[in-house]
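Here is a short briefing to read with the model open beside you. Take it topic by topic, and pick out the residues on screen as they come up.

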Amino acid sequence: MTDPTDLDQRTGLPEEWLYLLKDHPRADWRAHENLGPLTEFWLARHNGFRQLGRTLEDLLSDFREERIPVDRFGGLFAPRLQQFLSELHHHHMIEDHHYFPVFMEAEKRLVAGFELLESDHELIHHRIETVIESANNLLGSLRDGDRDPIRRASDDYAATSGTLISGLMRHLDDEEDLIVPLILDRGEYELGLS
């Protein structure tokens, strides 16, 4: 049986936290009168993380399949990874310290859900540290130029990055399912967000 709170096992949030999503399903979000500029920006940031995560996975795949040469990979990969990780860290800090407290105060029945999202952030940031270490090993192996260490380092990076990105994608979906319906139900202004 899967643990409904485990980021790597869950397939969504527990039903008891999704009562607002039933009233405000994803298909209705874009046309909703309470979809304000802050919520649109926040959803765009999430989509940016999804897109950059896919870009990083594609770059690594192309490198491992020798469609990107060793001497070009680091210059393509490192700045995108740095952007992805630093922006993700900053995004989560804002959510944890500013937005989540507002949401918890506004809807006490969802406090456990926001606490779960905060614990996701802690796990994701631990995984970010692992990805940084693995990426540094990979980039270091490129300088040496020996094919076997490069392959081992890219295998290790693929595993650590895959764990980070798959967990992040689950987290982004779950976060949206909890937050967007609450904003649509109450309004950005009424929640004190704009």
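Where is arginine 127 found? Arginine 127 sits in helix 5, and we come back to its surroundings below. Please keep in mind that this is a predicted model. The protein chain has seven helices and zero strands.

**Overall layout**

- Read from the N terminus, the elements of the protein chain follow the order α-α-α-α-α-α-α.
- Along the principal axes, the C-alpha atoms fill a box of roughly 60 × 35 × 30 Å.
- The protein chain has 194 residues, and 46% of them count as buried.
- Taking contacts between residues at least 6 apart in sequence, 77% join residues at least 24 apart.

**Helices 5 and 6**

- Helix 5 has 34 residues, which should span 50 Å at 1.5 Å a residue; its end C-alpha atoms are 50 Å apart, so the two values agree.
- Glycine 145 comes just after helix 5 and takes a positive phi of about 80°.
- Helix 6 covers residues 147–186, which makes 40 residues.
- From first C-alpha to last, helix 6 reaches 57 Å, close to the 58 Å expected at 1.5 Å a residue.
- There is a bend of about 25° in helix 6 at glutamate 176.
- Glycine 187, just after helix 6, has a positive phi of about 95°.

**Arginine 127 in its surroundings**

- Arginine 127 has a relative accessible area of 11%, so it is buried, the cut-off being under 20%.
- Setting aside neighbours within four places in sequence, arginine 127 is in contact with Leu7, Asp8, Thr163, Leu164 and Gly167.

**Glutamate 107 in its loop**

- Glutamate 107 belongs to the loop between helix 4 (70–106) and helix 5 (111–144).
- Is glutamate 107 buried or exposed? Its relative accessibility is 5%, so glutamate 107 counts as buried.
- The side chain of glutamate 107 makes a polar contact of 2.8 Å with the side chain of arginine 109.
- Beyond its neighbours within four places in sequence, glutamate 107 is in contact with Tyr19, Leu182 and Arg186.

**Nonpolar cores**

- The largest nonpolar core has 28 residues, and those with the most contacts inside it are Phe73, Phe77, Leu81, Phe84 and Tyr157.
- Helix 3 (37–64), helix 4, helix 5 and helix 6 each supply at least two residues of this core.
- Which residues does phenylalanine 77 touch, not counting those up to four places away in sequence? They are Leu56, Leu59, Ala135, Leu139 and Tyr157.
- Another core, of 25 residues, lies apart from the largest one; among its members are Met104, Leu117, Leu178 and Ile183.

**Salt bridges**

- Side chains of opposite charge can pair when their charged atoms come close.
- How many salt bridges does the structure hold? The structure holds 17 of them.
- Lysine 22 and glutamate 15 meet through their side chains in a salt bridge of 3.3 Å, N to O.
- Lysine 22 counts as exposed because its relative accessibility is 57%, and exposed means over 50%.
- Arginine 26 and aspartate 177 form a salt bridge between their side chains, at 3.0 Å from N to O.
- This pair links distant parts of the chain: arginine 26 is in helix 2 (residues 26–29) and aspartate 177 is in helix 6, 151 residues apart.
- Arginine 26 is partly exposed, with a relative accessible area of 37%, whereas aspartate 177 is buried, with a value of 12%.
- Arginine 147 and glutamate 66 also meet in a side-chain salt bridge, at 2.3 Å from N to O.
- That pair, too, links distant parts of the chain, with arginine 147 in helix 6 and glutamate 66 in the loop between helix 3 and helix 4, 81 residues apart.
- Arginine 147 counts as exposed at 57% relative accessibility, and glutamate 66 counts as exposed at 55%.
- One network, made by salt bridges that share partners, joins Arg26, Arg50, Asp173, Glu176 and Asp177.

How values were computed:
Residues are numbered from 1 along each chain as its sequence is written. This is a predicted model: local features need pLDDT of at least 70, side-chain atom pairs count only at pLDDT 80 or more; totals for chains, interfaces and linings use all residues. Side-chain values use heavy atoms; hydrogens and water are left out. Helices (H or I, at least four residues) and strands (E, at least two) are DSSP runs, numbered from the N terminus. Buried means under 20% relative accessible area, exposed over 50%, partly exposed in between (1.4 Å probe, protein chains only). A polar contact is a pair of N or O atoms within 3.5 Å; within protein, one must be able to donate a hydrogen and the other to accept it, and residues adjacent in sequence count only if both atoms are side-chain atoms. Contact means heavy atoms within 4.5 Å. The expected span of a helix is 1.5 Å times one less than its number of residues. The bend at a residue is the angle between axes fitted to the seven residues ending there and the seven starting there. A nonpolar core is a set of buried Ala, Val, Leu, Ile, Met, Phe, Trp, Tyr and Cys residues joined through side-chain atoms within 4.5 Å. A salt bridge is a side-chain nitrogen of Lys or Arg within 4 Å of a carboxyl oxygen of Asp or Glu.
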